[in-house]
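Thanks for coming. I have one structure to walk through today, sheets first and helix packing after that. Please have the viewer open.

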Amino acid sequence: MPRSRVDGTRERSRDAPQFTATPTVRDDEGVPMTGQQMTGAQALVESLKHAGAEVVFGLPGGCILPAYDALVDAQGLRHVLVRHEQGAGHAASGYAHATGEVGVCLATSGPGATNLITAIADAQMDSIPLVAITGQVGSQFIGTDAFQEADIVGMTMPVTKHNFLVKSPDEIPTVIKQAFHIASTGRPGAVLVDVTKDAQQGMTEFGWPESLDLPGYRPDPRPHGKQIREAARLLLEAQRPVFLLGGGVLRGRASREVGELIDVAGAPFVTTLMGRGALPDSHPSHLGMPGMHGTVAAVSALQRADLIVNIGARFDDRVTGVLESFAPGATIVHADIDPAEISKNLETAVPIVGQAAEVARVLTAELRERLAVADERHYEAWWNTLTMLRDNYPLGWTETEDGFTAPQKVISRIGALSGPDSIFVAGVGQHQMWSSQFIEYEQPSSWINSGGLGTMGYSVPAAMGAKVGQPSKVVWSIDGDGCFQMTNQELATCVINDIPIKVAIINNSSLGMVRQWQNLFYDQRYSHTDLNTGHGTRRIPDFVKLADAYGAVGLRCERDEDIDATIAQAMEINDRPVVVDFTVSADAMVWPMVPAGVSNDEIQIAQGMSPEWERDI
C-alpha cells in the first residue's frame with residue numbers, strides 16, 4: 001500500500017511509472033487470480049483491486065447487478081452504499097482530492113448513469129482523478145430504446161477525459177487498467193467505463209495486463225530546457241513579478257517543489273480558489289486569492305505585474321475578469337501539463353508544458369545557477385507597494401445591520417478552533433467564498449470545493465468521501481442551507497457506515513449568492529431566493545430535527561456568544577455525524593468583489609467603495 005505523506009496524501013514515487021506490472025494476485029485462500037476462469041463481473045472486481053482501488057461508492061440497479069453480486073465475495077475492496085448516484089460521484093471526488101488516489105463510483109444504466117453526469121463533469125472541470133463505472137443494457141439491445149437504456153458514453157463524451165464501452169468480458173482488465181492510468185496521469189480527469197450486462201455475465205480467463213498500449217497518449221512531465229531558461233531570465237529582469245498558483249500544483253503533488261521555487265525567486269504569489277493550501281497561507285510571500293472575490297493585494301498585484309508566472313492555473317474568467325483589461329502590462333509565462341490550456345484564454349509569451357513539480361524543480365535549479373553568478377533583482381519597490389496594500393486592505397467584515405450573526409464570524413471560528421490539520425469541504429455560493437477567505441489553509445488538500453462547475457450539493461457527499469479517505473482527520477462540510485437540501489440524504493450513508501463528518505450549515509434562509517446579485521444588480525428584487533429555513537421563518541425543514549431523523553446529532557446556534565461553545569460541542573462528538581444549524585444574517589455579502597463583466601481594476605471592497613488606487617500606488 002502507498003505510504004502516507006506528511007501533507008496527508010498517499011504517495012507513489014514520482015520517478016517510477018504510475019502503474020507497473022503487477023505480480024500474480026492470490027485470493028484469501030492462496031488461489032492465483034491471473035489465469036482463472038471467472039465471470040466478467042468478477043473480473044471487474046479483481047481489476048479494480050489490481051488497479052489499487054480500496055473503496056467504491058455506488059448504488060445498484062439491474063444492469064450492474066452482476067458486478068454487485070461479485071462484490072459479495074470481494075475481499076479488500078470496500079463498497080459504500082450511497083442514497084443517490086450524484087452522491088457517489090461527489091464522494092469519489094472528495095476521496096480522490098483528500099488522498100491523491102483515483103476515486104471510483106459505480107451506478108447502473110439509464111437514470112443511474114445519468115445521475116452521475118453532474119459529478120463526472122464536476123470532477124473533469126477540477127482535474128480530479130475519477131473512474132465512473134456504469135452498467136449498460138445487453139449489447140444486443142443497444143440502440144433499441146430498451147428499458148433503462150441511455151447512451152451514457154455519448155452523453156459524457158464532452159465532460160470526460162476519455163470513456164469506454166465494454167461489450168466483452170475479455171476486455172475488462174485492460175480497459176480498467178487504461179482507465180486508471182488515463183484518469184491519474186498527465187492532467188487528471190474523469191474516465192467513464194460503461195460495461196454491458198452480457199459482458200459482466202460472460203466467462204473469461206482473467207489476466208492483468210503487464211503493459212499499456214495507448215497510442216497517442218504520452219503525457220511527458222519534463223519541460224523544455226529552452227523555455228525554462230527564458231522563464232528564469234524574465235524573472236530576474238522583472239520589476240513586478242507575481243506567481244499565480246492553481247490547482248495543478250496540488251494535482252501534481254508539487255507543493256514542496258513550488259515552495260522551494262518561491263523561496264529562491266523571492267517574488268510574491270497568489271493562490272487561486274482551486275490552489276488554496278498549495279502553499280501555506282502564512283508564507284510571507286502570499287498575497288491571498290485573486291479574482292472575483294480575491295484580496296485587494298492579490299488582484300492588484302496581477303493587474304500591475306510586469307511578469308506573471310502561472311503554474312497550473314487556467315486563467316479562467318473568475319480570475320481574469322474582462323480578458324482585454326487583465327494584467328495589461330504583464331508578460332505571461334504559463335506552465336501546465338495540459339498544452340490545450342496554454343494560450344487558450346490569454347496569449348502566452350513563454351509556454352512550458354510539464355508537470356508542476358518538475359517545472360518548479362528545474363526552474364529553481366536554473367535560478368540558483370544564475371543567482372550564483374549575479375543577483376540583479378530589484379523587487380524592493382514592488383514589495384513596498386504590495387505590503388502597503390496588504391496592510392491597508394485586509395480581509396474583514398462589518399457587523400450586520402439586523403443584529404444577527406455574521407456568517408464570516410462563524411466560519412472563521414470553525415477554522416480557528418478546528419485547526420490546520422482539518423479538512424474543510426464547501427458547497428457553492430457565499431459560504432464557499434467566505435470559507436476560502438476566512439479559514440487559513442496551511443496544508444495541501446485541506447480545502448476541497450467545486451471550483452470549475454460550481455455544483456450545489458457538492459459538500460456533504462464530498463466530505464463523506466474525504467473522511468473515508470482520511471479517517472483520522474476532522475472533516476467539516478461547510479454548506480449553505482440551499483446546497484445542503486440537495487444532497488443531505490447522504491447523512492444516512494454517513495450514519496450507517498460510521499463516517500462521522502461535521503456539517504456546518506451557514507443558514508441565511510436564502511440562496512445567498514443569488515440574493516447578493518439580486519441586491520446589487522436587480523434593484524433588490526428578491527425573486528425566489530427565500531428558502532424559509534432561518535430567523536423568523538417556518539423553518540422548513542428544521543435542520544436539527546432532520547439530523548435527528550437521520551440518526552445524526554443536530555445542534556443549533558443563533559447567538560454570537562454561543563459560537564465557540566457550539567463548535568467545541570461538535571468537535572467532541574466523533575461517533576456519528578454532527579449537523580450544526582448556524583442561523584445567520586441574510587444581509588451579509590461577500591467582499592471584495594469584482595462584478596461580472598468588468599475589469600479587475602473595478603474591484604470593490606464594499607458596496608460603492610473601491611480602493612483609492614491613485615493615492616495608494
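Before the pairings, one definition: two strands count as paired if DSSP finds at least two bridges between them. With that in hand, take β14, residues 331-336, and β15, which run parallel and are joined by four bridges. One of the residues to click on is histidine 334, whose bridge partner in β15 is proline 351. I should also say now that this is a predicted model.

These two strands belong to an open sheet of five, in the order β12-β11-β13-β14-β15, with parallel pairing. At its edges are β12, 269-271, and β15, 350-353, and each of them pairs on one side only. On average, neighbouring strands here are turned by 15° against each other, ignoring direction. A helix goes with this sheet: α12, residues 296-304, lies across β11 (241-245), β12 and β13 (307-311). The angle between α12 and β11 is about 120°.

Next sheet. What is the order of the strands in the open sheet of six? Reading across, it is β5-β4-β6-β7-β9-β8, and the pairing is parallel. The edge positions go to β5 (78-81) and β8 (162-166); each has a single partner strand, so one side of each has no neighbour in the sheet. The average turn between neighbouring strands in this sheet is 20°, again with direction ignored. Inside the sheet, β6, residues 103-107, runs parallel to β7, residues 130-136, and five bridges join them. Alanine 107 stands opposite threonine 134 of β7.

Now to strand β16, residues 423-426. Are its faces covered or open? Both are covered. Ile423 and Val425 are buried on one side, and Phe424 and Ala426 are buried on the other. As background, side chains in a regular strand alternate between the two faces of the sheet.

β16 pairs with β18, residues 475-480, through four bridges, and the two run parallel. In that pairing, alanine 426 is opposite isoleucine 478. β16 also pairs with β17, residues 447-448, in the parallel sense, over two bridges. There, phenylalanine 424 is opposite tryptophan 447. Between β16 and β17 the chain passes through helix α17, residues 430-438, and this β-α-β crossover is right-handed.

That brings us to α17 and its neighbours. Helix α16, residues 407-418, packs on α17 at an angle of about 50°, and their axes are 9 Å apart. The angle makes α16 oblique to α17, and the crossing is right-handed. Which residues of the two helices meet? From α16 they are Pro407, Gln408, Ile411 and Ser412, and from α17 they are His431, Trp434, Ser435 and Phe438. The spacing in those lists fits a general point: an α-helix has 3.6 residues a turn, so residues three or four places apart point the same way.

The last helix is α21, residues 512-521. Its buried residues are Gly512, Met513, Arg515, Gln516, Gln518 and Asn519. What do they pack against? They pack against α17, the helix we have just seen with α16. Just after α21, aspartate 523 has a positive phi of about 55°.

To recap the last part: α17 makes the link from β16 to β17, packs with α16, and has the buried residues of α21 against it. That is everything I have.

Definitions and conventions. Residues numbered from 1 in each chain as written. Predicted model: local features only at pLDDT ≥ 70, side-chain atom pairs only at ≥ 80, totals over all residues. Heavy atoms only, no water. Buried < 20%, exposed > 50% of the residue type's maximum accessible area, 1.4 Å probe, protein only. Right-handed = clockwise from strand over helix to strand, strands pointing away. Axes fitted to C-alpha atoms, helices over the stretch in contact; angles between N-to-C directions. Parallel < 35°, antiparallel > 145°, perpendicular 65-115°, else oblique. Left-handed = near helix turned anticlockwise from the far one by under 90°. Contact = heavy atoms within 4.5 Å.
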